[in-house]
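Grab a coffee and work through the exercises below. Try each task by yourself before you read its solution.

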Amino acid sequence: MSDLLLELFSEEIPAGMQARAGEDLKRLVTDGLKSAGLEFASAKNFAGPRRLTLVIEGLADKSPDISDERKGPRVGAPDKAIEGFLRGAGLSSIDEAVVVADEKKGDFYVARIEKPGRPTSDILTEVIPAVIRQFPWPKSQRWGSGALRWVRPLHSILCLFGGKTVGFDVDGIKSGNETRGHRFMAPDAFEVKDFADYEKKLRDAFVILSAGEREEIILNGARVAAGDAKLELVEDTALLAENAGLVEWPVVLSGTFDEEFLSVPPEVIVTAIRKHQKCFSLRDGTSGRLANAFILVSNLMAEDGGKAIIAGNERVIRARLSDAKFFWDQDRKVKLEERLPELEGIIFHEKLGTQAERVERLKKLARELAPLVGAEPEKAERAGALCKADLVTDMVVEFPDLQGLMGRYYAFDQDEAPEVASAIEEHYRPQGPNDAVPENPVAIAVALADKLDTLVGFWAIDEKPTGSKDPYALRRAALGVIRIVLENKLRLGIRHAVRPELAFQISRKYALDALEPFGALHDLISIESFDPAEWMRIFRDAFGDVTADFEKEFSEVFVQTLGGLLSFFHDRLKVYLRDRGARHDLIDAVISEDADDLLMIVARVEALGRFLSTDDGANLLAGVKRATNIIRIEEKKDKRAFDGAPDVALFQQDEEKVLATAIGDASDSAAAAVENEDFEGAMAAMAKLRAPVDAFFDHVTVNADDSALRENRLKLLNRIREATLAVADFSKIEG
Amino acid sequence: MADAKPAPLRPGKSFQDLILVLQQYWAAYGCVLLQPYDMEVGAGTFHPATTLRALGPNPWNAAYVQPSRRPTDGRYGENPNRLQHYYQYQVILKPSPPDIQDLYLKSLYAIGIDPKNHDIRFVEDDWESPTLGAWGLGWEVWCDGMEVSQFTYFQQVGGFDCVPVSGELTYGLERLAMYCQGVDNVYDLNFNGREGADKVTYGDVFLQAEQEYSRHNFEYADTGRLLQHFRDAEAECKALLEAGARGEESLHECVLPAYDQCIKASHIFNLLDARGVISVTERQAYILRVRDLAKACCGAWLQTEAGGGA
């Protein structure tokens with residue numbers, strides 16, 4: 001058993017690729033060793049700006065011997081068969097095979113393959129070069145006259161096993177036992193004995209090997225520096241990791257900027273110095289207000305103590321902040337609504353028109369959704385009109401991350417109603433699974449309008465997500481709608497809400513180039529009064545001469561696309577509920593093809609779950625399943641269905657009569673309860689079926705000899721199944 | 001009368017001395033020192049000494065100053081950092097030598113940046129030129145948080161693989177000089193290194209030009225004529241490529257003049273863009289038209305002697 005140390009030393013690796021590359025190196029090398037039969041105790045990796053390092057401890061010195069037997073063809077088999085056998089077993093002539101006697105089937109050949117184990121260092125000379133050549137960098141390059149690809153030019157390879165250099169060559173780069181320290185503070189090469197020696201000598205040469213330790217040094221240093229200035233660090237884990245990927249020897253320094261820049265919104269300052277300069281912001285611990293100071297992480301212990309570095313960074317940050325302040329002052333000179341014409345210059349999607357057209361749709365959709373979500377229609381419309389205007393402000397052009405937020409600031413500045421201003425920011429929410437959903441009704445209306453318009457548009461042009469590809473983030477948009485609806489307990493028929501937009505977008509391509517008159521048709525539709533036939537008439541009136549294809553195709557495409565979009569919502573809802581612990585079979589049992597009220601689907605799943613955990617529920621489920629199974633078998637046998645009402649006159653036993661009556665009663669009260677959205681009540685009504693169903697199975701023989709009697713009883717069983725469909729499709733429930 | 005012996009260069013005090021130090025440094029390395037290309041280009045990369053020479057198997061080391069025009073960056077002389085005309089110092093080393101990072105760093109030391117007191121960093125920044133059909137991987141180089149150069153390993157130009165790979169170093173001269181001189185406004189740069197009455201600033205040389213060209217780029221340029229010029233350059237480029245073609249087996253005889261027309265088309269497109277007459281959808285189409293010219297020129301270049309076609 002010995003230890004392996006591998007270091008791949010290159011020019012600067014992008015910070016964002018390092019962690020993944022370290023893991024890939026570990027996985028690929030250890031996979032290679034395992035498939036060569038080599039065992040090891042542990043493996044760990046390190047990644048930094050100029051090196052990927054892998055340490056494998058307790059690695060076997062040699063792979064195990066392998067003996068294997070391979071059965072071949074019988075003696076005297078055709079040459080073809082013999083040749084194939086020799087090739088497969090790796091033998092050069094049939095003399096190397098053994099003949100095994102078999103009285104019944106005749107003698108046959110067997111190849112005895114003895115593979116002695118190989119020294120690990122030999123295996124390493126094959127595994128490691130192969131890993132290097134096929135390394136899965138997200139982007140890689142060639143350099144000089146070579147053909148090797150690496151993330152940036154690869155300079156040297158250190159490879160030690162049991163303290164000895166493992167020698168190999170990858171495109172002219174020979175492995176060895178040397179590495180280098182910090183680019184500026186200790187650039188010379190030095191030899192290394194083993195991992196402990198490597199780590200220590202690197203530290204002496206101003207390289208902290210572990211990214212975690214570099215992060216820790218930065219974080220502690222930044223906290224201390226903040227404390228010294230009586231301020232608090234604005235922590236940012238992504239920025240911390242990025243900085244740890246940019247330096248081998250972190251040195252934390254702090255600088256300041258003019259207080260006058262604090263008149264710019266704090267998010268702008270934080271973003272400007274984070275995005276361009278990778279610096280941390282500081283704030284006052286008590287008031288929480290941003291301070292005119294920042295933390296920078298340098299890669300150098302400067303001789304002047306960092307004076308020049310701080311001065312340089314301060315100068316760049318001053319320039320960045322003057323730009324930001326200039327944008328802030330300039331942007332506020334133009335009202336948001338005055339910017340709307342500029343949105344005509346931004347294509348939303350080639351087939352879906354410009355952002356300006358989109359805003360027209362959002363205005364209207366937000367207004368129509370407003371009463372359904374408890375918002376004032378005028379305010380929703382206003383917020384819809386302004387929600388994209390900040391995209392053409394200088395600030396958002398410079399810092400796209402600030403979209404929405406800047407809109408809110410600029411809206412406040414021009415005295416919009418507070419709900420309208422905050423809706424401009426919140427309509428992008430939720431941006432991820434951990435982001436909160438909007439709660440202010442105006443924001444809800446615009447957020448729903450934004451997401452539904454996106455979904456409908458891309459569905460209409462058939463740009464749906466496939467597999468891992470979802471370039472327009474449509475899954476996120478649908479999940480956003482689901483979360484907004486459920487978390488705000490909104491009653492919103494998805495199908496109802498999207499129909500007019502969908503009809504409009506599907507029709508777009510038939511209007512050919514006449515987009516302006518087509519856009520005007522949008523005013524003639526509404527969620528409230530939409531009717532597909534009416535829409536066809538409107539379209540025909542406007543584009544009578546070019547609509548032959550439209551006439552033929554519209555209705556079918558509309559129905560299909562609507563169904564597809566709804567089932568996409570169902571799928572996303574299932575994923576959402578499953579992630580929150582709901583049973584997928586219960587969801588399947590309550591979602592019917594046209595269910596479009598998300599809140600009610602969830603209420604049903606919950607009621608069903610509670611019901612099934614009761615005695616009555618579990619037994620009824622068993623009864624329904626039994627009934628369904630019997631019918632299925634008999635239907636198969638007779639090749640016919642047993643639907644239709646059973647004949648009361650043919651009932652012979654009390655249990656039949658009681659069951660028939662109970663089914664009638666339960667169906668009626670369940671239907672009434674469902675009508676009132678009282679799913680508990682519907683379940684309670686179903687629970688009353690349990691005793692009669694049990695009694696029926698205990699005392700009645702379904703497959704009676706009299707065929708009329710049998711048919712009638714099967715029909716009665718079928719009624720049980722049908723009645724329960726009012727609350728759920730019990731056949732989809734497991735257990 | 002001036003002394004016969006030249007005065008020592010002071011790159012921290014004079015814009016022109018900064019350029020002279022870089023010229024000396026790269027001349028000493030063995031680069032061919034070229035003069036700026038005599039056409040309007042958006043960046044030093046457009047110089048045929050980079051775009052075309054990066055293609056084909058022949059080694060090539062060159063350095064030159066290239067005035068670069070970015071019509072949309074005009075600010076009427078009112079922005080301390082942004083110019084519609086500025087200088088790039090461009091170095092192209094083919095094949096990229098293994099010690100190219102060190103060579104570059106030593107050029108920074110030569111202009112007075114002391115690595116013991118300045119934090120120099122290579123920060124990921126991949127380069128792509130949609131109009132040239134070119135891309136490469138590399139970094140922007142930071143000095144104390146300021147981007148002072150662009151460093152790229154060319155992978156493709158004109159849609160063709162670069163074999164061998166060229167290393168391209170682009171210094172933003174004004175920015176670097178502002179850093180070395182410690183000034184915050186580009187127009188305050190000392191151009192000639194003199195003080196008092198003899199001092200000439202960057203503003204003395206270029207402020208009026210920035211104002212006039214901003215007017216031209218944003219207001220006065222005649223878009224009808226520009227559109228015509230674009231079509232003419234495009235047609236001329238294609239015609240020259242066709243006139244010089246002698247079939248797949250023979251060398252192409254007229255690539256450089258055709259490439260000039262491609263450069264011209266690219267600059268006219270930039271002007272039209274600044275004039276705001278190109279819509280978003282058209283923009284893409286124009287870029288593709290220029291790229292088609294660039295690709296055709298690059299393909300033809302590979303059929304010339306310098307392009308390795310012989």
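Two residues count as being in contact when their C-beta atoms, placed from the backbone, lie within 7 Å. This is a predicted model, so local features need pLDDT of at least 70 and side-chain atom pairs count only at pLDDT 80 or more, while totals for chains, interfaces and linings use all residues. Residues are numbered from 1 along each chain as its sequence is written, and chains are lettered from A and ligands numbered from 1 in the order in which they are written.

**Exercise 1. Find what Val446(A) touches, then place it in the core.**

Step 1: leave out residues up to four places away in sequence; Val446(A) then touches Leu362(A), Ala366(A), Ala380(A), Ala383(A), Gly384(A), Cys387(A), Ala423(A) and His427(A).

Step 2: call a residue buried if 20 or more other C-beta atoms lie within 10 Å of its own, exposed if 12 or fewer, and partly exposed in between. A nonpolar core is a set of buried Ala, Val, Leu, Ile, Met, Phe, Trp, Tyr and Cys residues joined through C-beta atoms within 7 Å.

Step 3: the largest such core has 273 residues, and Val446(A) is among those with the most contacts inside it, along with Ile295(A), Ala445(A) and Cys297(B). Helix H14 (residues 441-460) of chain A gives this core its largest share, 14 residues.

**Exercise 2. Work out the order of the sheet that holds S14(A).**

Step 1: helices (H or I, at least four residues) and strands (E, at least two) are DSSP runs, numbered from the N terminus. Two strands pair if DSSP finds at least two bridges between them.

Step 2: S13(A) is joined to strand S15 (residues 280-283) of chain A by two bridges, with Leu233(A) opposite Leu282(A). Six bridges link S14(A) and S16(A), and Val251(A) has Ser298(A) as its bridge partner.

Step 3: the result is an open, antiparallel sheet of four strands, S13-S15-S16-S14 in chain A. Its edge strands are S13 (232-233) and S14 (251-256), each pairing on one side only.

**Exercise 3. Is S14(A) mostly buried or exposed?**

Step 1: five of its six residues are buried, so S14(A) is largely enclosed by the rest of the structure.

Step 2: look at what packs there. Helix H8 (residues 307-331) of chain A lies across S14 and strand S16 (290-298) of chain A, at about 50° to S14(A). For that angle, axes are lines fitted to C-alpha atoms, for helices over the stretch in contact, and angles run from 0 to 180 degrees between N-to-C directions.
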